[in-house]
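Open the model in a viewer and keep the sequence panel visible. The stops below are meant to be selected one after another.

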Amino acid sequence: MLTFSKDFLWDRIYACWLGKNIGGTIGTPYEGKRELLDVKGFAVKPGEPLPNDDLDLQLVWLRAMDELGPESVNEETLGEYWLSYIGPHWNEYGNGKANLRRGVLPPLSGELNNEAWKHSNGAWIRTEIWACLYPLQVEKAIRYAFADACVDHGYGEGSYAAIFVAAMECAAFAVNDIRELLAIGLSKIPEACRVARSVRLAMDAYDQGLPWQEARARLVEDSADLGWFQAPANIGFVVIGLLYGEGDFKNSLLTAVNCGDDTDCTGATVGALLGIKNGMSGIPEDWRGYLGDRIETCCTLYGHGRFPKTCTELTQSVLNLLPVTLRVRNIDRYNGAAPITLGDANDFSGLTKEALMGRAFADQLGARKPHSYRVVNGLIAALVELDAEPVITPGGTLSGTITLQSPLIPEPQYFELRWLLPEGWRAEGSHYLFVTQNREPQTQLTDGKFTLYSGETVLPMQRAVLEIIAVGRPMPLYVPITVLS
């Protein structure tokens, strides 16, 4: 049993958002500058925080959690909120939204035609909402962070960066040592990914006693093949700020910003993480007073609901959801999750660093094919893995595999498959799939290979639909497979 006091959570969550606002405001005027910088503080007038997509997008995710409830928030629903409430069309944001509008589901929406930007920074900068809604529930936080990130980053380094940052921020509610937080973050991503390589490079430079400028130079050289505004180098700049800042809020934040590149993102993330770790006592009074409490937005469409315009309101909105998000379901207990309660005093006596670590989710993602996505209806979940991009020519083919999961049906089960195809198309594959009984029914899987054959006419966008019926059950699952020409 882990217990948070409400006063503690208020202090840490408020410090997170205030630190985010401070770091983003300091870094924004220098965004995109690739040289070493010499920023010493604010370039804005007192009480004038700058708008920042790092914070804007998280207001939309808060709206989704409040309106839909946690169990209904996933990559599909977040994709719908992208199209409804988020304005920017640049870089990975624009590519992801363009794919969504063509009917491509996440994570494929973040993979298709997105090689230049799926390794970029747009996802790890918006992870605080998941950490604050799920403090110390690292596995839940990183799964939401991936569901968020994959909409516009697919299985790229941008998504691994989001998992890494979300894990650190989530653990920082109780873990105070930066090296331990880095170890927790690294434990959640593939050892061979570029984000992990950059993190280790920054840590090695610090351990060797090199100046932070030399550490930065090594990161820039190592990431030269990826180019600017990419996650590996900028995550490395965040690590430089955290290590070389030696725990001091100002020094840490300014060191990260002075590395250059995506300065609003690095500054905002360092500010948010230190806010969670140290609370309001760790944020200097002069910077708190200079910026104030207000949030400025620039990226949301149609407003962002009856939601926060200040860090105080944002903190209260998050706290209002905690009785729901901190609820530990029976299935969570079965899987070893520690119950978390709200009380009069903190009690983390049952917590170990090892309990916050583990690469199971990263391994699960790594086992998927890059052109894949999941569709669920509560009774059935289907993982679609295509053997190639979903592009087809007249008379061409597209093959893949359907993997079914049915946690609500504990006994052996037949599934009937029926294809609904464009005129002139045909499909080959099983008409029935069988799931054998398993002691842990939430892990039941069965595979079904298929091949689609197009007709003589192929439109720019067409959709094949697979109807999956659990025999003897009333609720079918419809799996769309969007095919482009």
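Which residues does Pro 51 touch, not counting those up to four places away in sequence? Select Pro 51 in this predicted model and show its surroundings: the residues touched are Thr 28, Glu 296, Thr 297 and Cys 298. Pro 51 sits in the loop between α1 (6-27) and α2. Its relative accessibility is 31%, so Pro 51 counts as partly exposed. Now add Thr 25, which is 26 residues away along the chain; the C-alpha atoms of Pro 51 and Thr 25 are separated by 7.6 Å.

**The cysteines**

Stay with Cys 298, one of the residues that Pro 51 touches, and show its sulfur. Why is there no bond from Cys 298 to Cys 299? The sulfur of Cys 299 is the closest cysteine sulfur to that of Cys 298, but the distance is 3.5 Å, which is too far for a bond; a disulfide requires the two sulfur atoms to be within 2.5 Å.

Next select Cys 16 and Cys 132. Cys 16 is buried, with a relative accessible area of 0%. Its closest cysteine sulfur belongs to Cys 132, and at 3.8 Å this is again too far for a bond. The count of disulfides in the structure is 0.

**Thr 300 and Asn 74**

Select Thr 300, in the loop between α15 (285-291) and α16 (311-325). Thr 300 has 18% relative accessibility and therefore counts as buried, the cut-off being under 20%. With neighbours within four places in sequence left aside, Thr 300 contacts Asp 56, Val 60 and Tyr 85.

Go on to Asn 74, in the loop between α2 and α3. Beyond residues up to four places away in sequence, Asn 74 touches Ala 147 and Val 376. For a distance check, pick Lys 118: the separation from Asn 74 is 44 residues in sequence and 19 Å in space, C-alpha to C-alpha.

**The hairpin of β3 and β4**

Select residues 372-376 and 381-386, which are strands β3 and β4. The two strands run antiparallel and are joined by 5 bridges. Ser 372 has Glu 385 in β4 as its bridge partner. Together β3 and β4 form a hairpin with 4 residues between the strands, and in the turn Gly 378 has a positive phi of about 95°.

**Helix α4 and the loops after it**

Select α4, residues 91-101. Which residues of α4 are buried? They are Glu 92, Tyr 93, Gly 94, Gly 96, Lys 97, Asn 99 and Leu 100. To see what these buried residues pack against, show α2 (53-68), α3 (75-85), α5 (108-111) and α7 (138-153). After α4 comes Gly 103, with a positive phi near 95°.

Continue to Pro 106 and Pro 107, which are joined by a cis peptide bond with omega of about 0°. Pro 107 is in the loop between α4 and α5.

**Two unusual backbone angles**

Most residues other than glycine have a negative phi, and most peptide bonds are trans. Two residues to inspect with this in mind follow.

- Asn 113 has a positive phi, near 55°. Asn 113 is in the loop between α5 and α6 (128-133) and, at 55% relative accessibility, counts as exposed.
- Asp 261 has a positive phi, near 70°. Asp 261 is in the loop between α13 (249-257) and α14 (263-278) and, at 8% relative accessibility, counts as buried.

**Strand β10 and a nonpolar patch**

Select Arg 463 in strand β10, residues 461-470. Is Arg 463 buried or partly exposed? Arg 463 is partly exposed, with a relative accessible area of 38%. Outside its neighbours within four places in sequence, Arg 463 is in contact with Gly 103, Leu 420, Pro 422, Pro 480, Ile 481 and Thr 482. Gly 103 is the glycine that follows α4. For a longer span, pick Ala 43: Arg 463 and Ala 43 are 420 residues apart in sequence and 51 Å apart in space, C-alpha to C-alpha.

Finish with Tyr 414, Tyr 432, Phe 434 and Val 471, shown as a surface; they make a nonpolar patch of about 420 Å². Tyr 432 lies in strand β8, residues 432-435.

Terms used: Residues numbered from 1 in each chain as written. Predicted model: local features only at pLDDT ≥ 70, side-chain atom pairs only at ≥ 80, totals over all residues. Heavy atoms only, no water. Buried < 20%, exposed > 50% of the residue type's maximum accessible area, 1.4 Å probe, protein only. Contact = heavy atoms within 4.5 Å. Pairing = 2+ DSSP bridges. Patch = residues over 30% accessible without salt bridge, like charges linked within 9 Å, V, L, I, M, F, W, Y side chains within 5 Å. Areas by Shrake-Rupley, 256 points an atom, 1.4 Å probe, with all protein chains shown as cover. Salt bridge = Lys/Arg side-chain N within 4 Å of Asp/Glu carboxyl O.
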